[in-house]
Amino acid sequence: HMSIASVVIGSTVAGIIRRASSSVCSFPIVQANKLPQVSLQRRRSSNPSLLASASNANMRVTESSTTITQNKKSRSIPKEETGIYSLFDKYPESDGRGVKIAILDTGCDLLASGLTGTTSDGITPKYIDFLDCTGDGDVPMNHTVADFDYATKQTVVGLSGRNITMGEWAKDVTTLKMGAVRLYDLLPRGVETRLKRERKEAFMAKHQALISETQSSLDKLNQLNLPSLDKGNTSGGGDNKEASSGDTKIDPQVKEVKELKLLLEQLKKIKESYDDSGGPLLDVFMFKDEGSEEDIEAVWKAVIDLEANGDLTNSIPIAPFGYARQVGELAFGSYVTFCIQVYDNGNILSIVTDAGSHGTHVAGIAAANFADASEQQNDLNGVAPGAQILACKIGDGRLASTETGTGLIRALIAAKKYDCDLINLSYGEPSWQMDSGRVSKVFSDAVHKWGMTVFTSAGNDGPALSSLGSPGSLSAPITVGAYVSPEMMVDQYSTLPPQEEDSPLQGASYYFSSRGPTPDGSFPDICAPGGAIAPIPRHSLQGKAQYHGTSMSSPNACGVAACILSAVRQNGIPNCGPIELKRALRNTALSTAGIVDPFAQGAGLVSALDCADYIISNHGKDGQNLDIDVTIPGRNQARGIYIRDEIELDGPMTFGVLVKPRFSHSIKKTSSEMDERLSLELDLQLKASEAWVTCPSSMTMLGGQTFSVRLNTEELPPGVHFATVGAIDASDPKRGNLFSLPITVIIPHSKFVSVTKPTFALNDNEHVSLNENGVDVSTTFELIQGSPNRRFLTVPRGAEWATIKVKSNQPTITSASPRILLHAIPFVRGDLPNTECQLKKIYQVKEGVEEDYHLRVKGGSCLELCLQLLWLANPSPASITADIEFHSLDVRSPTLIS
């Protein structure tokens, strides 16, 4: 927090800036439903002078209990792909009603379209609360006016130095707390940039007009051919007798010339020294409303000098959002809405604003509700319009909306306090050490101890393998990859139809969707549509926007889960836990129509109706809500088998697997928890999905068992190979897997070329060749829409960097030159995030032009070179040649080379 001394603006410049600023847009107050006040063990609060309420005014209560959805189409927020309409048809009102979703993001615009008012039932408020978990908007309220008396004095000197005139709201106030905050400290980065530009343009226009007016006045006086002030006012001498005699008609004009020159000089200096880095300083006041006889609950309320003019006569005090659902709007043309929270017994006021448009868009995908959506064929609603939202801001505006571990933990604790069913976290960082650290522990507690299901994005760092981000790489959340269907390509991206000789558009993972496996072999869980046209904050100066990313697929899947929970609760299952829900989502996920990619899609595309039916059919069966940890003790407790480097192929191919149930209970077990432990005995069938994997046919799971898996990789062709070992209930195979072990094996392409056999044909159009020097490699790629094409090369011993040269393999390039994403990861050893060592470039193929890139490598490691055609630019195939040259400075002893 800035000290007060550092935020005072010079009065002259401040006055000019205030006069040049744009007018404030205001809107009326609406009385909202009153909810019980909730105090969180965090510091947060905010308040305004121009307010509105997020209310259910003008919202219509839906009367029909059955929704006819056969003719519905959702072009904005994809729903057909996940079977939502089929779920609605079978289970009416299963639109998320009764389900609470915590959105951990940049925060939300409480008045964005589709997100103000109520859920689909027309009664329940859409927002539960809005909390700033970062401390970004915290205002210390340490200054107190203890003897305030409105009857005798209506003004107070604020911390800005301005005299603040109070209104009728202060007539019963005896003690005022005071603080101050810079406007720009409350604004999202984009809004701050816009306001600075607009304010500067307004200031410069008005200031330049003043300069022009001054210059014009000076020019008119100069035309009078007046003497200089020094000559005209000296006694004796001089040729101008009238001036020397002190003629009053001339002396004032001469003085005015000098004053105008000085004014013009000062105006130009002000223009050159213009500084609006902090923005207006807003005074903040807070008092405790002791309530009336009808409402004896005392509550802190706040008033902000939003226009920074010292006039609070017409201001309306605002209470914490959970108490009165009041929403304010910051002034100066920002259009940023806010609410307040109060902490530490009134010593901290949290002014809660969003840190960007991301969180509103995510919330809109999950649960936007438009009152007239049921009457429209094009469904504008979010996936679960009946769900409520707890908005938790974890993006710190002081850090360009980056999240912090502290903010994440506070938000998870808040979700627990408000009894949320689901959490969506469309945030992430590069992954390094999986399932370790304080944040990972709290995520695990949220799922296993607090009973909340966490959905998170896989990350946007694909298409190369082992690019999965965090927390998507953790075990506790449900990690969601991004899928795009042909219909989405047409509806949202206006993709050109394929030419006659080309293949039709295919559903696929978005090229950017991060891929597994993690260094310890884990994968994303499911995939969901990764693009949407959804509401964004009003301060963006537009109602909706089209965004794509795994940030969009996660809330889509989370919304589907909310609808599923609604459906199963209607069928008498009130307590479907996070493990049961995750197992159901995975076991009912559909293999995508189009290009199947388990590294990005996990078990497949989420299927709403199948998942709900699965839960209803299998709820209460032995082990259905039991989490089972599967690890490889011999590989540092890895969660899967991941063979990447060629040297590992020559080692033992038999691995021990430890299967251990995870029971959730208190330190002192209850009798029911003891019964659960003692009665656990599951007869399981084990089955490998591929012939090159051998496993036992069965096992009995008690408290923790082991079995072995053997891999036969000798006959595998070059490339990446994926398999699973699944365990199903022998007495009830239809339940699907109770656990599965993912297995990834990479056979390097370079293994199949040598000096004696320099070329290996992959198919009729692609090959890998070893150059004459016996080190460098050349390979060709045939790229089709939606499908990444990978080459795996063992880096020669001693090599330290590689040069990758790419060029078109076609004799001529059509008018629509393809754009290609090149993604190379030189090694995966779990000691460094992929973002610290990878090469990632998007380039446009041009006839006769060769592009070259450089990448650090490690001798003996497996280098992946992945190329993917960007379908959004051009769905036509492309043929590419890549030359990979390895280099070394050869300055280290061979014994030191890893």
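How many of the 11 residues of helix H15 (residues 608–618) are buried? The count is 8, and the helix is accordingly described as mostly covered. Here buried means a relative accessible area under 20%, exposed means over 50%, and partly exposed lies in between (1.4 Å probe, protein chains only). Helices (H or I, at least four residues) and strands (E, at least two) are DSSP runs, numbered from the N terminus.

The model is predicted: local features need pLDDT of at least 70, side-chain atom pairs count only at pLDDT 80 or more, and totals for chains, interfaces and linings use all residues. Residues are numbered from 1 along each chain as its sequence is written, and side-chain values use heavy atoms, with hydrogens and water left out.

The protein has 898 residues, of which 56% are buried, and its secondary structure comes to 17 helices and 42 strands. Of the contacts (heavy atoms within 4.5 Å) with a separation of 6 or more, 76% are between residues 24 or more positions apart.

In H15, the buried residues are Ala-608, Leu-609, Cys-611, Ala-612, Asp-613, Tyr-614, Ile-615 and Asn-618. Their cover includes helix H2 (84–90), H12 and helix H13 (578–588). After H15 comes Gly-620, which has a positive phi, near 90°.

Ile-615 also belongs to the largest nonpolar core, which has 65 residues. Such a core is a set of buried Ala, Val, Leu, Ile, Met, Phe, Trp, Tyr and Cys residues joined through side-chain atoms within 4.5 Å. The residues with the most contacts inside this core are Ile-101, Leu-422, Phe-455, Ile-564, Leu-581, Leu-585 and Ile-615. Helix H12 (residues 550–570) gives the most to the core, with 11 residues. A second, separate core has 36 residues, including Ile-643, Phe-663, Met-701 and Val-709. Within the largest core, Phe-455 may serve as an example. Leaving aside neighbours within four places in sequence, Phe-455 is in contact with Leu-422, Ile-423, Asn-424, Leu-425, Ile-478, Val-480, Ser-554, Ala-557, Cys-558, Ala-561 and Leu-585.

Helix H8 (residues 358–367) has 9 of its 10 residues buried, so it is largely enclosed by the rest of the structure. The buried residues run from Gly-359, Thr-360, His-361, Val-362 and Ala-363 to Gly-364, Ile-365, Ala-366 and Ala-367. What covers them includes H12 and several strands, among them E2 (100–105), E14 (388–393), E17 (422–425), E22 (531–535) and E23 (544–548). Of these strands, E22 is itself mostly covered, with 4 of its 5 residues buried. E22 pairs with E23 in the antiparallel sense over 5 bridges, where pairing requires that DSSP find at least two bridges between two strands. Ile-533 has Gln-546 in E23 as its bridge partner.

Another set of paired strands centres on E26 (residues 654–662), along which the side chains alternate. Phe-655, Val-657, Val-659 and Pro-661 point to one face and are buried, whereas Thr-654, Gly-656, Leu-658, Lys-660 and Arg-662 point to the other face and are not. E26 pairs with strand E24 (residues 627–631) in the antiparallel sense over 5 bridges, and Pro-661 in E26 is the bridge partner of Ile-628. E26 is also joined to strand E30 (residues 705–711) by 6 bridges, and these two strands run antiparallel. Here Val-659 has Gln-705 in E30 as its bridge partner.

Two single residues illustrate opposite environments. Ser-514 is found in the loop between strand E20 (508–509) and strand E21 (526–529); Ser-514 is buried, with a relative accessible area of 1%. Beyond neighbours within four places in sequence, the contacts of Ser-514 include Ala-458, Asp-461, Leu-468, Pro-524 and Phe-599. Arg-856, found in strand E40 (residues 851–856), is exposed, with a relative accessible area of 68%. Leaving aside neighbours within four places in sequence, Arg-856 is in contact with Glu-800, Trp-801 and Pro-826. Arg-856 and Ala-802 are 54 residues apart in sequence, yet their C-alpha atoms are 6.2 Å apart in space.
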